[in-house]
Amino acid sequence: MEKEQHSHEHGHHHDHNDFTDYTAAVKAYRETFASKAEVMDQAPDPAVREMVKYMDEQGVENCFDRFDKQKPHCTFGLAGVCCRICSLGPCKITERSPRGTCGANADLIVARNLVRAAAGGVAAHGARAREVMLTLKKAAAGEVDLPILGKGTVRNMASAFGLSAKDMSVEELANEIADILLEDMSRIVPGPHKTLEAVATPERRQTWEKLGVLPVGSYHEVFEALHQTTVGTQGDWRKAMDQFMRLGIAFSMNSVVGGSIASDCLYGTPKRTTVKANLGALKTDTVNIAIHGHAPMLATKVIEAARSEKFVKQAEEAGASGIQFYGICCSGLSTLYRLGGVIPLSNANGSELVLATGALDLWLADIQEVFPGIMDVADCYKTVVVTTNESNRLPGAEHIGYRRDLEDLDKLPGLADRIVARAIESFANRRDVQRHIPAHEMEAEVGFSLETLDAHYGCMERVSSAIINGQIKGIINLAGCTNTRVVYEKAIVEIVDILLKNNVLVFTNGCASFPMAKMGYCSKKALSKCGEKLQMFLGGELPPVWHFGECIDNAHAVATFREIAGYAGHQMKDMPFAEVTPEWSNEKGVGAALAFRMLGFDSYHCVHAPVQGSEKVRDFLYGGTRELLGSSMKVDTDPKKVAAMIIADFNEARSNLCWR
Ligand code: SF4
Ligand code: FE2
């Protein structure tokens with residue numbers, strides 16, 4: 001290691017030998033990028049292959065076309081060495097210009113870019129969480145007509161927060177819980193982080209404290225991330241990585257766990273149900289409404305309204321046999337397991353494929369992962385797109401939403417009525433639109449959580465002992481989005497196929513859960529894909545892939561992991577557990593994998609982070625955290641190699657625990 005510590009030494013010392021020649025690595029990486037032709041040919045879901053071909057014949061563009069047109073992708077962007085933070089630049093680090101105008105080197109630029117990406121992820125899930133927390137508060141105060149359905153969660157959280165629950169009603173407790181969650185998220189005066197103290201294990205709290213990376217709260221850490229990474233501020237890449245880690249904890253404790261607690265208090269915990277999934281389940285004689293995004297508040301009301309007698313009758317009068325809902329992305333998943341009857345169709349990257357079926361009358365888009373590209377496809381097939389959130393507007397879409405200050409949340413039922421009426425009107429207007437519905441559908445069981453698993457097994461001891469005795473080799477949490485760099489959903493499916501054969505149990509949530517649901521992995525029929533031991537454990541009762549819901553439901557997955565580790569008498573970091581996001585693609589994906597590593601899980605991916613331009617940052621990110629956190633990040637573009645790494649690491653963890 002040459003002159004590793006030079007930034008801490010005396011000022012006269014200059015080191016210009018810190019340039020990492022990234023060109024070969026980036027070039028090799030870029031050559032692995034998938035093409036539309038490969039998606040058409042190799043995507044594991046036959047409905048996807050059919051729709052990409054169909055759109056191609058129809059001359060309608062989608063993300064796969066646009067990705068191809070972006071080739072060759074920017075070398076500097078891929079390496080992470082492009083800096084646009086100030087107007088002395090933009091600067092890029094090359095052999096000829098190893099410093100930006102301000103003097104920043106590649107290590108600093110790569111680290112700052114990562115910090116900003118993580119801050120984006122914390123803000124994204126955080127904004128969603130904030131809206132649900134505020135809704136919970138208004139519901140508790142009776143300002144909006146929403147019952148508090150998660151009475152059990154309210155009682156549990158009240159005791160976890162040490163509230164004297166005795167003489168307080170569920171509503172009063174919910175109000176206090178909402179206050180705590182909001183305060184933890186928005187704190188600027190440093191003080192105890194109550195959610196973190198209630199939820200994190202003592203071992204993790206000590207680890208984080210020792211590293212000096214305990215967060216004040218989401219809002220402050222995002223603010224501080226923007227501060228530190230502005231020009232001429234944090235000059236030490238390693239210190240910038242401390243802020244990165246702080247953001248990982250804020251992501252986990254505020255944006256995800258805080259948001260999940262608020263959702264569970266308001267809407268109740270998931271219920272297990274079985275549904276049909278994939279495009280073949282699209283109906284042609286119903287008013288078809290897709291729910292796309294991440295905010296459950298209005299979507300929930302729209303489903304309730306559509307089930308009222310008034311609208312059932314109106315739909316019939318328009319010639320429909322009913323009103324059917326479909327799920328795209330996360331709000332489609334959360335409404336699915338809470339209200340039932342929502343058919344999961346696709347994650348964000350496939351949304352254009354869904355629109356091109358011509359089967360959707362109304363597309364309800366709330367927040368996040370709503371690609372602007374959907375508008376052109378919607379226009380082609382006369383689908384009405386309705387946006388609901390001021391932070392997520394689309395030119396050409398109709399807007400039926402609540403106010404930015406949420407002062408009109410009591411009017412949600414009226415907004416929901418307008419949306420359902422608009423869908424029925426759209427149904428009547430688009431009877432002549434051509435439909436193309438691939439004949440592929442599968443059954444999927446959804447709604448797994450610690451609560452539903454406890455109801456099934458009595459407690460997690462049964463799962464814990466199956467790990468110890470080797471019926472289960474280990475458990476992964478499969479999540480993350482999908483990425484056009486990889487043949488759509490192929491990495492996810494290939495990894496899971498190998499892991500199931502090797503007796504690895506799979507938890508899944510968010511976008512990666514769609515290929516699992518669509519292709520039958522969440523059905524008992526998938527037991528034939530498993531190794532003998534895992535089959536024996538599952539005993540024909542449960543599918544081998546447990547669907548936990550939307551992306552913030554990884555909070556439920558973590559609660560389950562924690563319980564299983566507890567029965568085994570070990571820390572999560574020492575268990576054969578892993579976070580696997582093969583096709584992660586955005587800032588939330590950076591945050592989610594980071595959050596799991598902060599919790600002590602190794603994370604595995606087929607997509608590189610933009611760190612190839614700095615050996616130091618890359619090594620720190622991929623392996624350097626092992627000593628600090630007991631976890632690391634592992635990347636290989638070959639899914640088979642990723643699966644092999646997971647199995648090898650699980651075997652090692654097992655032998656360290658003296659389990660066979
Ligand atoms: Fe260039 Fe430094 Fe400005 Fe970045 S902060 S654009 S490296 S001068
Ligand atoms: Fe999501």
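**Exercise 1. In this predicted model, how do strands β15 and β16 pair, and over how many bridges?**

Step 1: Find β15 at residues 602–605 and look at its pairing with β16: the two run in the parallel sense, with three bridges between them.
Step 2: Pick out one pair of residues. Ser603 sits opposite Met633 of β16.
Step 3: Now zoom out to the whole sheet. Six strands make up an open, parallel sheet, and its order reads β13-β12-β11-β14-β15-β16.
Step 4: Check the ends. β13 (545–549) and β16 (633–635) are the edge strands with a single partner each, so one side of each has no neighbour in the sheet.
Step 5: Add the twist: ignoring direction, neighbouring strands here are turned by 25° against each other on average.

**Exercise 2. Which strands of this sheet does helix α28 touch, and what angle does its direction make with that of β15?**

Step 1: Go to residues 639–656, which form α28, and list the strands in contact: β11 (474–478), β12 (504–509), β14 (577–580), β15 and β16.
Step 2: Compare directions. That of α28 makes about 160° with that of β15.

**Exercise 3. Work out the strand order of the sheet that holds β4, and decide whether β4 is buried or exposed.**

Step 1: Read across the sheet: β6-β5-β4-β7-β8-β9, six strands, open, with parallel pairing.
Step 2: Spot the edges. β6 (342–346) and β9 (398–399) have a single partner strand each, so each keeps one side without a neighbour in the sheet.
Step 3: Look at what flanks β4. Six bridges pair it with β5 in the parallel sense, with Asn288 opposite Gln324 in β5. Towards β7 (residues 362–365) there are four bridges, again parallel, and here Ala290 stands opposite Trp363.
Step 4: Carry on from β5 (residues 323–328), which is joined to β6 by four parallel bridges. One residue to check is Ile328, whose bridge partner in β6 is Ser346.
Step 5: Settle the burial. Six of the six residues of β4 (residues 287–292) are buried, so the strand is largely enclosed by the rest of the structure. Both faces are covered: Val287, Ile289 and Ile291 lie on one side, Asn288, Ala290 and His292 on the other.

**Exercise 4. Which residues coordinate the iron ion (ligand 2), and where along the chain do its two cysteines sit?**

Step 1: Collect the donors: NE2 of His294, plus SG of Cys330 and SG of Cys551, at 2.1 to 2.3 Å.
Step 2: Write their spacing along the chain as H-x35-C-x220-C.
Step 3: Place the cysteines. Cys330 belongs to helix α15 (residues 329–339), while Cys551 is in the loop between β13 and α24 (554–568); they are 221 residues apart, so to speak linking distant parts of the chain.
Step 4: Check accessibility: Cys330 and Cys551 are both buried.

**Exercise 5. What surrounds ligand 1, and how do the residues of its shell divide by type?**

Step 1: List the shell: Cys83, Ile85, Cys86, Leu88, Gly89, Cys91, Gly100, Thr101, Cys102, Ile109, Arg112 and Val231.
Step 2: Sort it into eight nonpolar, three polar and one charged.

**Exercise 6. Is Asn503 buried or exposed?**

Step 1: Locate Asn503 in the loop between α21 (490–501) and β12.
Step 2: Apply the cut-off, under 20% for buried. Asn503 has 13% relative accessibility, so it counts as buried.
Step 3: See what Asn503 touches beyond four places in sequence: Gln471, Ile472, Lys473, Gly474, Gly531, Glu532, Lys533 and Leu534.

Note on methods. Residues are numbered from 1 along each chain as its sequence is written. Chains are lettered from A and ligands numbered from 1 in the order in which they are written. This is a predicted model: local features need pLDDT of at least 70, side-chain atom pairs count only at pLDDT 80 or more; totals for chains, interfaces and linings use all residues. Side-chain values use heavy atoms; hydrogens and water are left out. Two strands pair if DSSP finds at least two bridges between them. Axes are lines fitted to C-alpha atoms, for helices over the stretch in contact, and angles run from 0 to 180 degrees between N-to-C directions. Contact means heavy atoms within 4.5 Å. Donors are N, O and S atoms within 2.8 Å of the metal (3.2 Å for Na, K and Ca); water is not among the atoms, so sites may look incomplete. Buried means under 20% relative accessible area, exposed over 50%, partly exposed in between (1.4 Å probe, protein chains only). A residue is near a molecule or strand if one of its heavy atoms lies within 4 Å of it. Ala, Val, Leu, Ile, Met, Phe, Trp, Tyr, Cys and Pro count as nonpolar, Asp, Glu, Lys and Arg as charged, and the others, Gly among them, as polar.
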